[in-house]
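Got a minute to walk through a fold together? Have a look at the sequence and the model, then we'll take it question by question.

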Amino acid sequence: MNYDTRITPEGTIITDDGNPLLEDEESARRSRRRLIIGAVAVLAIIIAIWFLSRGGAADDAAAPKTQVPVVTVVSPGRGSVAGQINATGTLAARRALPVGIPGEGGQVVRVLVEPGQWVGQGQVLAVIDRSVQVQQQASQAAQIQVARANADLAEANYQRALRLVDRGFISKADVDRLRATRDSANAQVRVAGAQLGVLQAQSARLNVVAPAAGLVLERRVEPGQVVSAGSGVLFSIAKGGEMELLAQVGEVDLAKLSTGVAVNVTPVGSDRTFAGQVWQVSPIIDAQSRQGTARVALAYAPELRPGGFASAVINAGSVVAPLLPESAILTDEKGRYVYIVDAANKVQRRAVKTGLVTENGIAVIEGLNGTERVVLRAGGFLNPGDAVKPQTAAAN
């Protein structure tokens, strides 16, 4: 193929009909320029993003250095704190009287009381069949009559002998014998009377009676049942209706109690609170639970059912100390402590010793004088020496 060519003064070769080799070279140069321009643009974008990210990270790193956390603080002061001990326990009769069969027993004829009834001292609770005992008493009464007749006859014979002895018809030995016969007959009358008394007493013991006035708690006998001295408890009576709470108290708190301390008792399932007082403090501590029993005397009320569960709030004196909520007091392996904010608004750790626990907070008996600014919440996120911005709150 022939091409007409000419050379320009600048030395460029120009073809009239066009040279494909030269056109491909020009196209390649344009492609390279576009690639270079694109690479430069991408590099510029990457550099810009890198500078922006470095600037944001620097701002984020600098932010914590300029932000100071706000914490709520309080100066608790000092005041009289009423001590309270919370305890739980079981309700029971203060004096539960078990009533059983005092005699030989027999078949129950009637039961005259039900649980929940009040009874008086000596009141009959149940009646046992006494038909045999009635016949025995009748027989013994007849024996008394026989003995009395014999005694009357012996007396008459003795008196007759006394009149005849002076006339010599009867010797003094016969008189002595008749006197002895009279005395023996009188003694037989007394023996028969005593035996009748025994039968009457045995018959009276067939009645099951209340040993004292009180409230019937349990009935364990029914008509037709055969009972004896080995039948066990037939009735249970709360003497005078008096109740008590057997409150279980830890050995540390038990040492703070004494008789006469006021207690408020709330039975489970009831919204009523009953006033009582400690009348006995256990002299022993359970080796397993490390608890003792405080016996709280209570007056009768229908809501106080023996065997039921109840909670108690026991007054345990008072102390003068700062009072803080539970959230302000922290604990670790070194013991209990609080965070206070000093004059430079820096957090400082202060070891404390706590005392009485009340509904309004915990008494701090050592470590604070009440004038410090104590961090109320979020103490677990602070460290000694941290700068904070304190915000004062009213003390509880």
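Q: In β8, which residue is the bridge partner of Val-108?
A: Keep in mind that this is a predicted model. Val-108 finds its partner by way of strand β6 (residues 106-111), which pairs with strand β8 (residues 124-128) in the antiparallel sense over 3 bridges. On the β8 side, the residue bridged to Val-108 is Ile-128.

Q: Which are the edge strands of the open sheet of 4 strands?
A: Start from the order of that open sheet, β9-β8-β6-β11, with antiparallel pairing. An edge strand here pairs on one side only, and that fits β9 (208-209) and β11 (226-227). So the names you want are β9 and β11.

Q: Are α2 and α3 roughly parallel or roughly antiparallel?
A: The axes of helix α2 (residues 131-165) and helix α3 (residues 172-204) come within 8 Å and cross at roughly 165°. Angles over 145 degrees count as roughly antiparallel. That puts α2, relative to α3, down as roughly antiparallel.

Q: How many residues in the contact of α2 with α3 are nonpolar?
A: α2 passes α3 in a left-handed crossing. The contact residues split into three groups, with 14 polar and 5 charged. The remaining group, the nonpolar one, has 16.

Q: Is Ser-236 buried or exposed?
A: Ser-236 sits in strand β12 (residues 235-239). Leaving aside residues up to four places away in sequence, Ser-236 touches Ala-96, Leu-97, Leu-215, Val-216, Leu-217 and Glu-218. The relative accessibility of Ser-236 is 11%, and under 20% means buried. So Ser-236 counts as buried.

Q: Which residues make up the covered face of β14?
A: In a regular strand, side chains alternate between the two faces of the sheet. In strand β14 (residues 262-267), Ala-262, Asn-264 and Thr-266 are on the uncovered face. That leaves the covered face to Val-263, Val-265 and Pro-267.

Q: In β15, what is the bridge partner of Val-263?
A: β14 and strand β15 (residues 274-281) run antiparallel and are joined by 4 bridges. They form a hairpin with 6 residues between them, and Gly-269 in the turn has a positive phi of about 90°. Across in β15, Val-263 is bridged to Gly-276.

Q: Is Arg-290 buried, partly exposed or exposed?
A: Arg-290 belongs to the loop between β15 and β16 (291-298). Its phi is near 60°, a positive value in a residue other than glycine. With 40% relative accessibility, Arg-290 counts as partly exposed.

Q: What is the relative accessibility of Asn-345?
A: Look in the loop between β20 (335-341) and β21 (347-351) to find Asn-345. Here too phi is positive in a residue other than glycine, with Asn-345 near 60°. Asn-345 counts as partly exposed, and its relative accessibility is 27%.

Q: Why is one side of β18 and of β22 left without a neighbour in the sheet?
A: The open sheet of 3 strands runs in the order β18-β23-β22, with antiparallel pairing. β18 (323-324) and β22 (353-358) stand at its edges. One side of each lacks a neighbour in the sheet because each has a single partner strand.

Q: Which residue in β23 is the bridge partner of Leu-323?
A: β18 pairs with strand β23 (residues 361-366) over 2 bridges, in the antiparallel sense. In β23, Leu-323 is bridged to Ala-363.

Key. Residues numbered from 1 in each chain as written. Predicted model: local features only at pLDDT ≥ 70, side-chain atom pairs only at ≥ 80, totals over all residues. Heavy atoms only, no water. Axes fitted to C-alpha atoms, helices over the stretch in contact; angles between N-to-C directions. Parallel < 35°, antiparallel > 145°, perpendicular 65-115°, else oblique. Left-handed = near helix turned anticlockwise from the far one by under 90°. Nonpolar A, V, L, I, M, F, W, Y, C, P; charged D, E, K, R; others polar. Buried < 20%, exposed > 50% of the residue type's maximum accessible area, 1.4 Å probe, protein only. Pairing = 2+ DSSP bridges. Contact = heavy atoms within 4.5 Å.
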